[in-house]
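Here's a quick briefing for when you have the model open in your viewer. Have a look at the structure, then work through the notes below it.

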Amino acid sequence: MDLIPLLSSKFDTFLVIITRLGGIFFIAAFYGYRFVPVQARIILTIAVAIILLPMVNLTVLPYGDSFLGIALLLINEIAFGLFIGFTTLLLFFGIQMGGHIIGFQMGFAIVNVIDPTTQVQIST
């Protein structure tokens, strides 16, 4: 499959995919941390969008073909991607908080170290 003709024929679909994935990957639990470089997140977003492009069939844009319609669609997709990423982030923070509570109840609160991903003290 040739990539350039596929991207040129389905560029609007590619923009929709990349904006939603960008919102997810820039705030999600694994990829949103500070130790993952921004360039790696951008490359991962583009790579996954290219992989998903042949599978997504967007025949008609929901808000029309005008600039305002496309802008509204992209804002909608970014917001939905951020919502998905934030939901996964809350899930992982909830699991981490549960681990803190269980560790405190077991007596591990005396031994604290700095978590390198979040820069806060955690019990080990």
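What follows is a short tour of the overall make-up, two of the helices and a couple of individual residues.

Keep in mind that this is a predicted model. The protein chain comes to four helices and two strands, and reading along the sequence gives the pattern α-α-α-α-β-β. Of the 124 residues in the protein chain, 28% are buried. As for contacts between residues at least 6 apart in sequence, 55% of them join residues at least 24 apart.

**Helix H2**

- H2 runs over residues 11–25 and has 15 residues, reaching 20 Å from its first C-alpha to its last, close to the 21 Å you'd expect at 1.5 Å a residue.
- Eleven of those 15 residues are buried, so H2 is largely enclosed by the rest of the structure.
- The buried set is Thr13, Phe14, Val16, Ile17, Ile18, Thr19, Leu21, Gly22, Gly23, Ile24 and Phe25.
- For packing partners, the buried residues of H2 have helix H1 (3–9), H3 and helix H4 (67–106).

**Helix H3**

- H3 covers residues 38–52, and its 15 residues should span 21 Å at 1.5 Å a residue; the end C-alpha atoms sit 21 Å apart, so the two agree.
- Buried in H3 are Arg41, Thr45 and Ala49.
- Looking down the axis of H3, you'll find its buried residues within an arc of 65°, so they line one face of the helix.
- Over on the other side of H3, Gln39, Ile43 and Ile51 are exposed.
- The buried residues of H3 pack against H2.

**How H2 meets H3**

- A handy reminder: two packed helices are described by the angle between their axes and the distance between the axes.
- The H2 and H3 axes come within 9 Å and cross at roughly 140°.
- That angle falls short of the cut-off for roughly antiparallel, which is over 145 degrees, and H2 and H3 are therefore oblique to each other.
- H2 passes H3 in a right-handed crossing.
- On the H2 side, the residues in contact are Phe14, Ile17, Ile18, Leu21, Gly22 and Phe25; they meet Arg41, Leu44, Thr45, Ile46, Val48, Ala49, Ile50 and Leu52 in H3.

**How H2 meets H4**

- The axes of H2 and H4 come within 6 Å and cross at roughly 30°.
- This one is a right-handed crossing as well, with H2 passing H4.
- H2 brings Leu15, Val16, Thr19, Arg20, Gly23 and Ile24 to the contact, and these meet Leu73, Leu74, Glu77, Ile78, Phe80, Gly81, Leu82, Ile84 and Gly85 in H4.

**Two residues to click on**

- Threonine 13 is found in helix H2. Its relative accessibility is 2%, under the 20% limit, so threonine 13 counts as buried.
- Leaving out residues up to four places away in sequence, threonine 13 touches Leu53, Val56 and Leu58.
- Asparagine 57 is in the loop between H3 and H4. With 65% relative accessibility, asparagine 57 counts as exposed, because the bar for that is over 50%.
- How far apart in space are asparagine 57 and lysine 10, C-alpha to C-alpha? They're 9.0 Å apart, with their positions 47 residues apart in sequence terms.

Terms used: Residues are numbered from 1 along each chain as its sequence is written. This is a predicted model: local features need pLDDT of at least 70, side-chain atom pairs count only at pLDDT 80 or more; totals for chains, interfaces and linings use all residues. Side-chain values use heavy atoms; hydrogens and water are left out. The expected span of a helix is 1.5 Å times one less than its number of residues. Buried means under 20% relative accessible area, exposed over 50%, partly exposed in between (1.4 Å probe, protein chains only). The arc is that of the directions from the helix axis to the C-beta atoms. Contact means heavy atoms within 4.5 Å. Axes are lines fitted to C-alpha atoms, for helices over the stretch in contact, and angles run from 0 to 180 degrees between N-to-C directions. Angles under 35 degrees count as roughly parallel, over 145 as roughly antiparallel, 65 to 115 as roughly perpendicular and the rest as oblique. A crossing is left-handed if the near helix is turned anticlockwise from the far one by less than a right angle, and right-handed if clockwise.
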